[in-house]
Amino acid sequence: MMNKNTAFKSLTNLVFLCWSNTGLCVEYQYDRNDSIQIHGFAAQSFLKSTTNDFFGDSEDGSWDFRELGINGLWRPLPRLQLSLQFVARKAGKTDDGKLRVDYIFADCKLFNSNAVNSGLRLGRVTNPYGFYNETRDIVATRPSILLPQSVYFDANRNFALSSNGVQFYHEHSGKSGDYLFQFGVFEPRTEDPDFEPAIFLQNEPGKLEGTTSWMGRLLYEYDFGRVRLGLTTASINVDYDPAPGDPIRPGAFHFHPYIASVQYNRERWSLTAEYARRSTHLDRFGAPRDIDFTGNSYFIQGIYRLTPRWEVLLRYDSLTWNDDDPEGRDFEAQTGLPNHYRFARDWTFGVRWDLAQNVMVRAEWHRVSGTGWLSLLENPPATETSQRWNLLAFSAAIKF
Amino acid sequence: MKNRLGNRHHNRHHGRRRKTPASASGGRTRRDYGKLFAQTAALLWLCYSANLLNALPAEPTIRVIANPHVEIDALSKTSLRSIFGMRNRTWPKGDFIRVFVLEDKNPTHILFTKQILRTFPYNLRRIWDRRIYSGTGQSPTVVDSEEEMRRQVSLTDNAIGYLSNKWVSDDVKVLDLK
């Protein structure tokens, strides 16, 4: 469809785009032949908490939550798509704001017709996890400034967002509705600064390295997304590679989540609920590090659109790390850390105002009991955190 | 349409009120409402019998249009949703579909999403955003007027779009909906 010369031109233009500020004009020109598209997003948030820090020094008011991204999709051949997203995300001590690649993959279509669309994605691919994970950085596709943290821990956002491997997808649409199945085999990313503390409760000298893992999701949509149902399951495996003289043995971390997702959409309102069961297993480290526990997370969320430009949100979000120790009493006795690190219940009230098609501002208020999704890195020492805290957040975002 | 009639009545009512100070001080009585209702009914009947209703700006009919060279003449609702949801990207013979839409707040776009696709603009936008920002798909090309829509669809190979009836011309092919 496209000869080599124009394909090369498109590529040089894509590179040029990343270095220039005239992106929109060039995109417009190439949009015409649909073989290349560039999109981007930017958001700046402000957070203020009564106690405990979230994304920066929020007790004093934090501007340390910024998201900036640009992505390109190039279709050199009708059956081949190349996708790339650069992002710079600053999120207190949990993300450093440096430029990195969120995803880069080749999508080879095996079949595309009215009813069926299937293929293989190779490279760093977004993880099909629940309803919101794949577009978790774009304020417009999130229901709120902060995603329900019990299911979408932001402290380990890179680990959750994408992984390096291969993913098969199959979309089927018929009279009964649309089905989307995705299954990926990959190695998880372990570069999040808070990833080690999340596993060992502190930083250790060795390194965590992703090993063979898999994730699958089945989505069903009735009447063009009026009803959406989803099931996700995964087996995530990470090895610990000790440093010389490290007291910790070369063990492994295993994580097995199951998520059930439900959504109902009307013109004025949407209801969403997700329930997750998460099993965590630390293995081969020897006592007392070897542990095995199962917890649950869920949220129920309602959105009401007052006008096409204004919407309000109400959500209850609950996290329990260990079903056998829901209040964290045993945890406190064993680790000396506060019991409220093992749960979090969060009431959120939010407002969204779309000033224009691609510009929005948001405000939300969280009333939280528990510190289960709080970053340990941002709150040293953990013993000084409070169980009950409130968080107020504002965000301004654009996309194109 | 209803607003128009309603407004007209409102004005008439005010005009009458000015002439009769009694009703201005006491507000509308039940008899006033009765009269208003009778007048409305009479006017509606008049309009209808004179076939004037058609001349009022009723909801326009939305047509799905394509480039005249597009190989097909009709589409089912399922395939239309597949195409505008950016899932099916090719015409039956394998040519890449170029999808054109108007801005989210455009009245014709709102009617198209509601009447034809049987969904809402916010849902369509969400479907596109999910594809764009996960790197798995593209978004349609947005044009800013129906005139531009007609021009682009008539000039672009393999293009599909939509127009309100009055903008349709011979430059584009109207697709039947199965």
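This report looks at unusual backbone spots, the contact between two chains, and one strand of chain B.

The model is predicted: local features need pLDDT of at least 70, side-chain atom pairs count only at pLDDT 80 or more, and totals for chains, interfaces and linings use all residues. Residues are numbered from 1 along each chain as its sequence is written, while chains are lettered from A and ligands numbered from 1 in the order in which they are written.

**Backbone**

Most residues other than glycine have a negative phi, and most peptide bonds are trans. The table lists some exceptions. Helices (H or I, at least four residues) and strands (E, at least two) are DSSP runs, numbered from the N terminus.

| Item | Feature | Angle | Place |
|---|---|---|---|
| A:Ala287 to A:Pro288 | cis peptide bond | omega near 0° | A:Pro288: loop between strand E11 (269–283) and strand E12 (292–307) of chain A |
| A:Pro380 and A:Pro381 | cis peptide bond | omega about -15° | A:Pro381: loop between strand E15 (359–370) and strand E16 (388–399) of chain A |
| A:Asp223 | positive phi | phi about 55° | loop between strand E8 (207–222) and strand E9 (227–241) of chain A |
| B:Asn158 | positive phi | phi near 65° | loop between helix H7 (146–155) and strand E5 (159–164) of chain B |

How exposed are the two residues with positive phi? A residue is buried if 20 or more other C-beta atoms lie within 10 Å of its own, exposed if 12 or fewer, and partly exposed in between; C-beta atoms are placed from the backbone. A:Asp223 has 13 other C-beta atoms within 10 Å, so it is partly exposed. B:Asn158 has 18 C-beta neighbours inside 10 Å, so it is partly exposed too.

**Where the chains touch**

In chain A, 33 residues are in contact with 33 residues of chain B. Contact means that two C-beta atoms, placed from the backbone, lie within 7 Å. Several strands of chain A each supply at least two residues to this side, including strand E1 (36–49) and strand E6 (162–174). E4(A) gives the most, with four residues. The side of chain A divides into nine nonpolar, 16 polar and eight charged residues. Here Ala, Val, Leu, Ile, Met, Phe, Trp, Tyr, Cys and Pro count as nonpolar, Asp, Glu, Lys and Arg as charged, and the others, Gly among them, as polar.

**A covered strand**

Strand E1 (residues 62–66) of chain B has five of its five residues buried. In a regular strand the side chains alternate between the two faces of the sheet. On one side of E1(B), B:Ile62, B:Val64 and B:Ala66 are buried. On the other, B:Arg63 and B:Ile65 are buried.

Which strands are joined to E1(B) by bridges? Two strands pair if DSSP finds at least two bridges between them. Five bridges join E1(B) to E5(B), antiparallel. There, B:Ala66 has B:Ile160 as its bridge partner. Three bridges join E1(B) to strand E6 (residues 173–177) of chain B, also antiparallel. B:Ile65 stands opposite B:Val174 in E6(B).
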